[in-house]
Amino acid sequence: MADCSYHPGKDSVGACVSCGKMVCIACRTELQEKVYCQPCANKLFVSKSEVQPAKVEPAPVQTGVSGAWWLLVILPFFFGGWSWIGGIIAWAATKSRDPKKARSMLIWGIVLSVIAVIISIIVTILFVTGILVLEGMDLQ
Ligand SMILES: [Zn+2]
Ligand SMILES: [Zn+2]
């Protein structure tokens with residue numbers, strides 16, 4: 001058996017698949033079931049870790065926007081129709097990640113506010129009409 005290219009005197013246990021140098025048990029590095037010498041393994045590891053951040057970074061952009069933002073639009077509807085404020089907050093917070101969803105939340109916020117205003121007008125009219133009717137009945 002030939003000596004390790006890096007440690008003269010030590011028996012080699014294999015050859016690096018990248019550079020062909022003999023490696024001993026101490027400097028043998030296995031990556032994906034292939035034998036590498038330590039310098040080659042380091043090179044591979046460095047180039048991998050250099051690539052990774054660039055690959056990881058776009059991922060959060062693609063994860064999109066949590067559906068929980070809709071609560072900000074819908075919940076204020078039940079508390080006086082302030083959905084347009086929730087819609088603007090949700091839109092401002094999510095527009096950079098998901099412009100489509102952000103816009104639809106803003107639109108729904110405004111729509112829900114308009115609906116809330118219409119409902120409160122109808123309720124007021126019914127209430128006033130009801131009082132007038134009751135008062136009219138009392139007079140008769
Ligand atoms: Zn090598
Ligand atoms: Zn060695």
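Leaving aside its neighbours within four places in sequence, which residues is C16 in contact with? Select C16 in this predicted model and show what surrounds it: K21, V35, Y36, C37 and C40 are the contacts to look for.

**Stop one: the zinc ion**

Keep C16 on screen and add ligand 1, the zinc ion. Its protein donors are the SG atoms of C16, C19, C37 and C40, at 2.2 to 2.3 Å from the metal. Try the angle tool here: the 4 donor atoms subtend 101 to 117 degrees around the zinc ion, so the arrangement is tetrahedral. Along the sequence, the donor residues follow the spacing C-x2-C-x17-C-x2-C. Now pick out C19 and C37, a pair that links distant parts of the chain, 18 residues apart. You will find C19 in the loop between β1 (14-15) and β2 (22-23), and C37 in the loop between β4 and α1. Switch on the surface as well: C19 is partly exposed at 41% relative accessible area, whereas C37 is buried at 0%.

**Stop two: the nonpolar core**

Next, select C4, C16, V23, C24, C27, V35, Y36, C37, C40 and A41 together. These 10 residues form the largest nonpolar core. Colour β4 (34-36) and α1 (38-56) too, since each supplies at least two residues of this core. In soluble globular proteins, nonpolar side chains tend to be buried together.

**Stop three: T94**

Finish at T94, which sits in helix α4 (residues 83-94). T94 is buried, with a relative accessible area of 0%. Beyond its neighbours within four places in sequence, T94 is in contact with V65, W69, P99, A102 and M105.

Notes. Residues are numbered from 1 along each chain as its sequence is written. Chains are lettered from A and ligands numbered from 1 in the order in which they are written. This is a predicted model: local features need pLDDT of at least 70, side-chain atom pairs count only at pLDDT 80 or more; totals for chains, interfaces and linings use all residues. Side-chain values use heavy atoms; hydrogens and water are left out. Helices (H or I, at least four residues) and strands (E, at least two) are DSSP runs, numbered from the N terminus. Buried means under 20% relative accessible area, exposed over 50%, partly exposed in between (1.4 Å probe, protein chains only). Contact means heavy atoms within 4.5 Å. A nonpolar core is a set of buried Ala, Val, Leu, Ile, Met, Phe, Trp, Tyr and Cys residues joined through side-chain atoms within 4.5 Å. Donors are N, O and S atoms within 2.8 Å of the metal (3.2 Å for Na, K and Ca); water is not among the atoms, so sites may look incomplete. Four donors count as tetrahedral if all angles lie between 85 and 135 degrees; four count as square planar and six as octahedral if opposite donors are over 155 degrees apart and all others between 65 and 115; anything else is irregular.
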